[in-house]
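Work through the following exercises with the sequence and the model open side by side. Each task is followed by a solution that proceeds step by step.

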Amino acid sequence: MLKVINKLRGVGVEAIWFFACTALLTWPTIVQPSAFALGSPKADGMKHLWTLWWMRASVWREGEFPFSTHLVNWPVGMDLYPIEPLNGLVSVFTPFVGIVLLSNLLVMANLFATGMVGSWFGRLLTDGNRLAGLAAGTVLLTSSTTTFFVTVGVGELTHLWWLPLGLGLLLKAIRQPEWRAWAWVSLAMVGAVLSCFYLGFFLGLAV
């Protein structure tokens, strides 16, 4: 029982730390979540916002999941794959949340997840050393790569947590080579590819 309490306490400390890091890195979004969209105005942010709107509008106005659009090449339209389906699904199921607010919440949630999963991976690498895990998650969350992904405004790239998740599951499968462990690795790879082809490609190379 004491072991469980200590574990929960450790997770709580990590959650507070990575929430604080996320709030600091995206400041002042935490106090003005709808004022502006995170990312450079000269990058792909508008495409990201449009994708969230398009997937939501397609489902709620046209009653179908979007794989094409008539908003381009009218009146014929064109095939268009939703480039960030994971964020888009969240948008579909939260029609009451403004697009700018939703975009910012998604960025912050993914940053937080990157820190937490990175910390978990760090603990796996160091046989449960919580301080090492905290350091690993912090380095990943505050890295120039993570910062670039937010700045460039490509929403699917902020799912960076797929990489430490997949590699952590791989490490567990290597240590305990059971079919269930390898099934989890496979699911992580599929999820990464579907969420963001680039991250799925990187994870596949690493595995």
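**Exercise 1. Surroundings of V150**

Leaving aside its neighbours within four places in sequence, with which residues is V150 in contact?

Solution. The model is a predicted one. Begin with the position in the fold: V150 belongs to helix α6, which covers residues 144-151. Next, consider the accessibility, where the cut-off for a buried residue is under 20% relative accessible area; V150 has 14% and therefore counts as buried. Then list the contacts: once neighbours within four places in sequence are left aside, V150 is in contact with L38, G39, V107, L111 and T158. For L111, one of these partners, the C-alpha to C-alpha distance from V150 is 9.0 Å, although the two positions lie 39 residues apart in sequence numbering.

**Exercise 2. W162 and the nonpolar cores**

Determine where W162 lies, what it touches, and how it takes part in the largest nonpolar core.

Solution. First, locate the residue: W162 is found in helix α7, made up of residues 162-175. Its relative accessibility is 11%, so W162 counts as buried. Second, collect its partners: not counting residues up to four places away in sequence, W162 touches L86, A188, G191, A192, S195 and L203. A further distance can be read between W162 and V117, which are 45 residues apart in sequence and 8.4 Å apart in space, C-alpha to C-alpha.

Third, turn to the core itself. The largest nonpolar core has 19 residues, and those with the most contacts inside it are L157, L160, W162, L163, V185 and L199. Helices α7, α8 and α9 each supply at least two residues of this core, and the largest share, five residues, comes from α7. A second, separate core of nine residues includes C21, L111, M116 and V150, so that the residue treated in Exercise 1 reappears here as a member of that second core.

**Exercise 3. A network of charged side chains**

How many salt bridges does the model hold, and which residues are linked in a network of them?

Solution. The count comes to four salt bridges. Take first the bridge between R123 and E14, in which the closest N and O atoms are 2.7 Å apart. This pair links distant parts of the chain, since R123 is in helix α4 and E14 in helix α1, 109 residues apart. Both R123 and E14 are buried.

Take next the bridge in which the side chains of E14 and R130 meet, at 3.1 Å from N to O. Here too distant parts of the chain are linked, with E14 in helix α1 and R130 in helix α5 (residues 130-141), 116 residues apart. The two ends are in unlike surroundings: E14 is buried, with a relative accessible area of 2%, whereas R130, at 28% relative accessibility, counts as partly exposed. Putting the two bridges together, E14, R123 and R130 are linked in a network.

A further salt bridge joins R175 and D127, whose closest N and O atoms are 3.9 Å apart. R175 lies in helix α7 and D127 in the loop between α4 and α5, so this pair ties together parts that are 48 residues apart in sequence. R175, at 44% relative accessibility, counts as partly exposed, while D127, at 67%, counts as exposed.

**Exercise 4. Aromatic rings in α9**

Why is the pair formed by F197 and F201 classed as stacked?

Solution. The structure holds eight aromatic pairs. For F197 and F201, the ring centres are 6.1 Å apart and the planes stand at 20°, so the pair is stacked; the cut-off that this step needs is a plane angle under 30 degrees. The two residues are four apart in helix α9 (residues 197-206) and are thus separated by about one helical turn. As to accessibility, F197 counts as exposed at 55%, and F201 is partly exposed, with a relative accessible area of 43%. Widening the view, ring pairs link F197, Y198, F201 and F202 into a cluster.

**Exercise 5. A nonpolar patch on the surface**

Which residues form a nonpolar patch on the surface?

Solution. The patch is formed by F65, F67, Y81, L89, F93, V190 and L194, which together have about 730 Å² of accessible area. L194, one of these residues, lies in helix α8, residues 179-195.

Note on methods. Residues numbered from 1 in each chain as written. Predicted model: local features only at pLDDT ≥ 70, side-chain atom pairs only at ≥ 80, totals over all residues. Heavy atoms only, no water. Patch = residues over 30% accessible without salt bridge, like charges linked within 9 Å, V, L, I, M, F, W, Y side chains within 5 Å. Areas by Shrake-Rupley, 256 points an atom, 1.4 Å probe, with all protein chains shown as cover. Phe/Tyr/Trp six-rings, centres within 6.5 Å; stacked < 30°, edge-to-face > 60°. Buried < 20%, exposed > 50% of the residue type's maximum accessible area, 1.4 Å probe, protein only. Contact = heavy atoms within 4.5 Å. Core = buried A, V, L, I, M, F, W, Y, C linked by side-chain atoms within 4.5 Å.
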